[in-house]
Amino acid sequence: MTQIQETKATCCYCGVGCGVIVQTDGRQVTGVRGDPDHPANFGRLCTKGSTLHLTARPALQQQARALAPELRTQRGEPRRQAGWGETLDFIAQKFADTIRRHGPDSVGFYISGQLLTEDYYVFNKLAKGLIGTNNIDTNSRLCMSSAVAGYKQTLGADAPPACYEDIDHAQVIFIAGSNTAYAHPILYRRIEEARRRNPDLKVIVADPRRTDTAREADLFLPILPGTDVALFNGMLHICLWEDLIDADYIARHTEGFAELKQTLRDYTPAYVAETCGIREQDLVAAARWFGQSKAALSLYCQGLNQSSSGTAKNAALINLHLATGQIGKPGAGPFSLTGQPNAMGGREVGGLANLMSAHRDMANPAHRAEIARLWGVDDVPSRPGKTAVEMFDAIRAGEIKIVWIACTNPAQSLPEQRMVREALEKAELVIVQEAYKTTATVDYADVLLPATTWSEKEGTVTNSERRITRFKPVLPRPGQAWHDWEIAVNFARRLEANLGRTATLFPYADVEAIWNEHRETTRGRDLDITGLSYRILEEQGPQQWPYPEGAAGGRKRLYEDGVYPTSSGKARFANTVYQPVAEAVDARYPFRLSTGRLRDQWHGMSRTGTVAQLFSHAAEPAVVMAAADMDRRMIAEGDLVHVTGRRGSQILPAMAGDDMRAGQAFIGMHWGEEYLSGRGHDGRGSFGVNSLTSPVFDPVSKQPELKHAAVKILKAELP
Ligand code: SF4
């Protein structure tokens, strides 16, 4: 009889970071089950997590996986298979020549929240330490950079102060801009259980759509897209007026409230209700529930983050918590949910264009000097690097000549797809490091570097509640695939030789050596993990940061002492002012289009798209509209319609949704060009739903406004 082995790992999809037990028969993954000991999920898995094993079937591996390095030295030629040595030598030579001729900012890296922390660390050191450019950004820019900026602006550091257990202690849960039931299903189940246990627990949901999360709320605030700052300021205005603020907490632990108070004067209930498109009595009820509660917890995600005012939205919600003292105690706090499995790990190592390792500031010379010393380099650059949209714009403009894309699919996921595709065509060299050869971005690769993926890798990830999980590989690497960190390290050593460096900055014998170096960079910082070793993670299971040397465990909740990591030790109110969405609707483009996640799919579907049962919830892409809008335009369910915006057009079946207001439209974010047909305004091909979305980004976080674009919708086939 075949012996089944079980190994602990984490789910590779969302930021909940559920523990899974992977079952193998020695040759292949035969099943998964939830890890009953993992504190993120206690054995539960959602539809995506429970079908993970089906994405690792051998037949699929052969069909969809990148299994050998491929290379072309001339544009227009097909790529040919090549050895690792030849491929990495070629890239290193190209990098060295380009850096010598055009400087370090002529190259860029676009990486991913799917990478492990150790992978992220090496890429960040490669770009900022060895090459000397801050041109390294990640697809996490599209999901949580506004949350980072909001935390830093108000609390002084990018650290979510709450934990999942706070769901069990909360008296009010305020869900803003998050369809938690779909995007973080296991957390949503925890909310459902908390409600069963505590009938007094109240759930408020603010969302432009009446999502499945909103349907179950005690109070639903169907706000107009982009009006969140007005809503949060309005709630705080009411709390002030009704004396529901915590004056003692404000006086002892915060600064800047007097300025904010002046601003809040304008956010009267009547003005806010009209701006947000909600009933005044609902606004007042929400403010009272929040302000009177013994413990109010806010959960928020892309509805706040993917916005041209994403930082202000985050900060305004944190203002509400600070002013009412709803932070630093069980069941209370602002709690941003991360989209990807390891977006948090990327933040910890500073693997973004505007971040530095271990929450240091790029603009601070002392912080740069600390990292230079730890890495053994003369300095690290202070010039801001290009963020996601900026990077592809700079490639198109010829400023960045070589781009290295790791574990992400910008030719589907970035807004303004026409610009992104032009950039990929214009770049002198496109390197794509990928597990799957099926993504749209691979079509543009001059060099394809095959990487290992879920169940094959070793390292750590950090979930939304700052909890680090270590896991080991359960399957051998397929074909000639290498681990992401190995690819980066082997390239870096070759580049060092090309640049005339004799001693390597990348002496790692294994992935644990990278972890040990990373944790040393956190010494004395707010996220100090110097006490956390691979051995502790193995013996004691997943742990939350901070976990400094000598600690007996990680910290569940931050700021319980009211001391914040700012120069004064006090939290800072941000003076948040409401700004409307960047692209207003008008007579020509009258629909407010938003995009988002569906229940059973993940990102561009390179993995979930291989599992038939995950299409039972939504079999094909569709534009969802209010039934009244369809009637008015003589559109029947399933009719094909043109969805056209200022940047492109898509043809999709229409679907009536009772979650939609008149004038709203919604398209799932998962489908790319192979599923959608249409054209750009220049007549060139269809590039999926992101040919419609807007590249306008928040001025602080640089996160694009993927949640709103103005479009028109016209029937494609007349009877
Ligand atoms: Fe995976 Fe997220 Fe589902 Fe958990 S909730 S099983 S991490 S997709």
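A compact globule of 719 residues would have a radius of gyration near 27 Å, and the chain, at 25 Å, agrees with that expectation; the radius is taken over C-alpha atoms, and the globule rule is 2.2 Å times the number of residues to the power 0.38. This is a predicted model, in which local features need pLDDT of at least 70 and side-chain atom pairs count only at pLDDT 80 or more, while totals for chains, interfaces and linings use all residues. Residues are numbered from 1 along each chain as its sequence is written.

Along its principal axes the C-alpha trace spans about 70 × 70 × 65 Å. The chain holds 24 helices and 27 strands, where helices (H or I, at least four residues) and strands (E, at least two) are DSSP runs numbered from the N terminus. Buried residues account for 59% of the 719 residues; a residue is called buried if 20 or more other C-beta atoms lie within 10 Å of its own, exposed if 12 or fewer do, and partly exposed in between, with C-beta atoms placed from the backbone. Of the contacts between residues at least 6 apart in sequence, 73% join residues at least 24 apart, a contact being two residues whose C-beta atoms, placed from the backbone, lie within 7 Å.

The interior can be approached through its nonpolar cores, each a set of buried Ala, Val, Leu, Ile, Met, Phe, Trp, Tyr and Cys residues joined through C-beta atoms within 7 Å. The largest of these cores has 192 residues, and Phe123, Ile173 and Met235 are the ones with the most contacts inside it. Helix α9 gives the most to this core, contributing nine residues. A second, separate core of 24 residues includes Phe591, Ala622, Trp671 and Val689.

Helix α9 itself deserves a closer look. Its 14 residues (228-241) should span 20 Å at 1.5 Å a residue, and the end C-alpha atoms are indeed 20 Å apart; the expected span is 1.5 Å times one less than the number of residues in the helix. Because 13 of the 14 residues of α9 are buried, the helix is largely enclosed by the rest of the structure. Leaving aside residues up to four places away in sequence, Met235 touches Leu283, Ala286, Ala287, Phe290 and Leu320. After α9 comes Asp243, whose phi is positive, near 55°.

Gly129 offers another view of the interior, from helix α3 (residues 117-131). Gly129 is buried, because 23 other C-beta atoms lie within 10 Å. Its contacts, not counting residues up to four places away in sequence, are with Trp375, Val377, Val380 and Leu505. The C-alpha atoms of Gly129 and Ala372 are separated by 7.3 Å, although the two residues are 243 residues apart along the chain. By way of contrast, Val577 lies in the loop between β20 (571-572) and β21 (591-596), and Val577 is partly exposed, because 14 other C-beta atoms lie within 10 Å.

The sheets come next. Strands of a sheet pair through backbone hydrogen bonds, either parallel or antiparallel, and here two strands are said to pair if DSSP finds at least two bridges between them. Seven strands form an open sheet of mixed pairing, in the order β5-β4-β16-β15-β14-β6-β7. The edges are taken by β5 (80-81) and β7 (136-138), each with a single partner strand, so one side of each is left without a neighbour in the sheet. Within this sheet, strand β6 (residues 107-111) and strand β14 (residues 402-406) pair in the parallel sense over four bridges, and Val107 has Ile402 in β14 as its bridge partner.

A three-stranded open sheet, with antiparallel pairing, runs in the order β17-β18-β19, and its edge strands, β17 and β19 (543-544), each pair on one side only. β17 and β18 form a hairpin with four residues between them, and Arg466 in the turn has a positive phi of about 70°. Four bridges join β17 to strand β18 (residues 467-471) in the antiparallel sense, with Phe471 in β18 as the bridge partner of Gly459. On the other side, two bridges join β18 to β19, where Arg467 has Gln544 as its bridge partner. In a regular strand the side chains alternate between the two faces of the sheet. In β17 (residues 459-462), Gly459 and Val461 point one way and Thr460 and Thr462 the other, and all are buried.
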